[in-house]
Amino acid sequence: MAVKPEWLRVKAPQWERVGQVKAILQDLGLNTVCEEASCPNIGECFKAGTATFLIMGPACTRACPYCDIDFEKKPKPLDPTEPLRLAESVRRMGLNHVVVTSVNRDDLADGGASQFVACIEAIKQSTPDTTIEVLIPDLCGNWQALETILASRPHVLNHNTETVPRLYRRVRPQGVYARSLELLKRSRDLAPWVYTKSGLMVGLGETDAEVQQVMDDLRAVDCDILTLGQYLSPGPKHLPVAEFVTPAQFDAWRVAGEEKGFLQVVSSPLTRSSYHAEDVQRLMAQNPR
């Protein structure tokens, strides 16, 4: 396995803050992507007052070879208490911005849309000033389910394209690139007030031209926010890293994305889907809808 370059090494998080958050999560029986994915930005994000909750898990009905979340053909039934426990955690943690994501639940007719709605409504009831971002799966193209989620009025609708079209069969075998773009387009058409967002992992063998094309495709469906980050393999059973992309290349993509018209481009080796997510509050103030 290739040695990580210097720019991917991070300082140890401030465990006092992280420990407080972990205690709340443990008390309420909740999962965060921050912990499940061993995110290197956990300390920085918790300190900034944001966290990414993983609902309907921890098992996923898809087995994408880049992801470390457990695969399970028959996950557990949805927990009706989860939305209230999540909202209480947001309140106790004093979050300014919350990201709610989920495993894929292809076993459910609506892909879990109803649970997303319940979580959004519970958070709004508990902490109405907290801005809410949902990072949703493709729902197997169930556009009625997407409309249900949007009707609950999250502030940000995030759906990751993950990689370039050429690599979908290897990286995201149960995903469809065109379907992901359609989800973002329909989100814009159904809810013109929502801020749409998508993200890419790089270092899987894509070219600069392919990344630029994905940017163009996302702008063609009026996507507002883009995140770009380095793929890091969770282990030997997962896809290997093809390349460690340099910070200079990430900077170049950020500039290109801004020139293409994204309202925000977060692009760095350590960027993840929810990195600096709380900045959307400033973006919303500058670009009101």
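This is a walk through several strands, helices and single residues of the structure above. The model is a predicted one, so keep that in mind as you turn it on your screen.

Let us begin with strand E3, residues 97-102. Six of its six residues are buried, so this strand is mostly covered. In general, the side chains of a regular strand alternate between the two faces of the sheet. You can follow that pattern here: His 97, Val 99 and Thr 101 point one way from E3, while Val 98, Val 100 and Ser 102 point the other way. Both of these sets are buried.

From E3 we can move to its partner, strand E4. E3 and E4 pair in the parallel sense, over five bridges. To find one spot where they meet, look for Thr 101, whose bridge partner in E4 is Leu 135. Together with helix H5, these two strands make a right-handed β-α-β unit.

Between helix H5 (113-126) and strand E4 (131-135) there is a loop, and Thr 127 is found in that loop. Is Thr 127 buried or exposed? Its relative accessibility is 14%, and because buried means under 20%, Thr 127 counts as buried. Setting aside neighbours within four places in sequence, Thr 127 is in contact with Val 90 and Arg 91. Thr 127 also shows how folding can bring together parts of the chain: Gly 94 is 33 residues away in sequence, yet the two C-alpha atoms are 8.7 Å apart in space.

Now let us visit another group of strands, starting with E6, residues 195-202. One residue in this strand is Lys 197. With a relative accessible area of 3%, Lys 197 is buried. What does Lys 197 touch, leaving aside its neighbours within four places in sequence? Its contacts include Glu 133, Val 156, Asn 158, His 159, Leu 184, Cys 223 and Ser 273. Ile 225 and Thr 227 are among its contacts as well, and these two residues take us to the next strand.

That strand is E7, which runs parallel to E6 and is joined to it by six bridges. Across this pairing, Leu 200 stands opposite Leu 228 in E7. Like E3, E7 is mostly covered, with six of its six residues buried. Ile 225, Thr 227 and Gly 229 point one way from the strand, and Leu 226, Leu 228 and Gln 230 point the other way.

E6, H9 and E7 make a right-handed β-α-β unit, so helix H9 is our next stop. H9 covers residues 208-220, which is 13 residues, and it reaches 18 Å from its first C-alpha to its last. That is close to the 18 Å expected at 1.5 Å a residue. Which residues of H9 are buried? They are Glu 210, Val 211, Val 214, Met 215, Asp 217 and Leu 218. Seen down the axis of the helix, these buried residues fall within an arc of 160°, so they line one face. A general rule helps here: an α-helix has 3.6 residues a turn, so residues three or four places apart point the same way. The face of H9 turned away from the buried side carries the exposed residues Ala 209 and Ala 220. What covers the buried residues includes helices H8 and H10 and strands E6 and E7. Just after H9, Asp 222 takes a positive phi of about 60°.

E7 also pairs with strand E8, in the parallel sense, over four bridges. Here Leu 228 appears again, standing opposite Ser 267 in E8. The chain crosses from E7 through H10 to E8, and this β-α-β crossover is right-handed.

Next, find Gln 174, in the loop between helix H7 (168-171) and H8. Gln 174 is partly exposed, with a relative accessible area of 38%. Its C-alpha atom is separated by 7.2 Å from that of Arg 62, although the two residues are 112 apart along the chain. Beyond its neighbours within four places in sequence, Gln 174 is in contact with Thr 61, Arg 62, Ala 63, Asp 138 and Arg 179.

Finally, a look at cysteines. A disulfide is a covalent bond between the sulfur atoms of two cysteines. How many disulfides are counted in this model? The count comes to zero. Among the cysteines, Cys 60 is buried at 8% relative accessibility, and Cys 119 is buried with a relative accessible area of 0%.

Note on methods: Residues numbered from 1 in each chain as written. Predicted model: local features only at pLDDT ≥ 70, side-chain atom pairs only at ≥ 80, totals over all residues. Heavy atoms only, no water. Buried < 20%, exposed > 50% of the residue type's maximum accessible area, 1.4 Å probe, protein only. Contact = heavy atoms within 4.5 Å. Disulfide = S-S within 2.5 Å. Expected span 1.5 Å × (residues − 1). Arc of directions from axis to C-beta. Pairing = 2+ DSSP bridges.
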